[in-house]
Amino acid sequence: MTHLQPLQPPERLVRTISAWEGDAGRAWLDTLPGRVADYLERWELRPERVFTPGGQISMIVLVRRADDTPAVLKAGLVTVETRNEAAALAHWDGRGAVRLLDADPAEGMLLLERLQGDVSLRSLPEPKAMLEATAILQRLWVPAADGHPFTSVADYTGGLAATLRERREQPWAADIRHLIDDALETRERLLSEPVDEVLLHGDYHHGNVLAADRAHWLAIDPKPLVGDPAYDLAWLTRDRLDTLAAAPGAESAARRRITKLADSLDLERDRLRGWTLFRAVEAGTWGLSVGDRDGAELLLEFAAWL
């Protein structure tokens, strides 16, 4: 299969990879068009177009397979968070998530069934979106297979906690050290309590659930872990946070959301509140560390409501 010119990564991918990964990221971007061309040929794919704006750390190419069925080639940066994406999708085998058709995980190359990339749960009113989102989670939360490759919530958050302690000592953290301490102490308490562990999506929010032909909605883009379901649900509690924060009684509304989501999936409210606090503080301090002050302050304000 011959292509006249290599497909180029979209602007958002170039911007985020360059900002987050520096020289190593730019080197990866330089090799990306050629590697995509190799896999188009290897898997006998006919490219239609690069999907834009696409992912923050992946290039999405809409393709046709040899039998003319539509599919998606996802060429992603392999990180600690993304390295087991293919394994999770293979384990779910299309149940609640996009179906994996082929993969070379070491190269970050995934061939996926094509979903409606422009239609996510964000297209629905918030109450309906939450109902659909929780229904999908009930399908994703299954035991991992024996000998699975997935990192545990305890180990993964151990790394986050170590970084959070380092951020605590930065001058810009002076006013939020109490929040950081609360988040760290809460994590320790949650991990000391036994809980049934399942395979988690890891990055579950409305934008990562797309409309599909095979099912109404399917999850994409997992960063899988094994552990407490409340950890997975914690990302969903902060979805559409700017809208939540702008509404009257935002603090009470945030607490009601946690209660409602915990009840809908039969989870302990305190565990969901705790993991929501930890993940919001960690994400907020990361935002401050990379200069995203507006987003960071909103996350930290949300954490303080809890």
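This text describes the nonpolar cores, one helix pair and one buried glutamate of a predicted model. Local features need pLDDT of at least 70 and side-chain atom pairs count only at pLDDT 80 or more, while totals for chains, interfaces and linings use all residues. Residues are numbered from 1 along each chain as its sequence is written, and side-chain values use heavy atoms, without hydrogens and water.

The largest nonpolar core (buried Ala, Val, Leu, Ile, Met, Phe, Trp, Tyr and Cys residues joined through side-chain atoms within 4.5 Å; buried means under 20% relative accessible area, 1.4 Å probe, protein chains only) has 80 residues. Tyr204 and Leu233 have the most contacts inside it. Its largest share, eight residues, comes from helix α9, residues 269–289 (helices are DSSP runs of H or I, at least four residues, numbered from the N terminus). Apart from this core lies another, of 21 residues, including Leu32 and Leu111.

Leu233 is in contact (heavy atoms within 4.5 Å) with Leu137, Trp141, Leu261, Ala262, Leu265, Leu267 and Leu272, leaving aside neighbours within four places in sequence.

Helix α9 also packs against helix α10 (residues 293–305), at an angle of about 155° and with the axes 8 Å apart (axes are lines fitted to C-alpha atoms over the stretch in contact, and angles run from 0 to 180 degrees between N-to-C directions). The two helices are therefore roughly antiparallel, a term for angles over 145 degrees. Among the residues making the contact are Leu277 and Ala280 of α9 and Leu299 and Phe302 of α10.

Helix α9 also holds Glu282, which is buried, with a relative accessible area of 12%. Glu282 touches Leu160, Leu164 and Arg167, not counting residues up to four places away in sequence.

Technical notes:
Buried < 20%, exposed > 50% of the residue type's maximum accessible area, 1.4 Å probe, protein only. Parallel < 35°, antiparallel > 145°, perpendicular 65-115°, else oblique.
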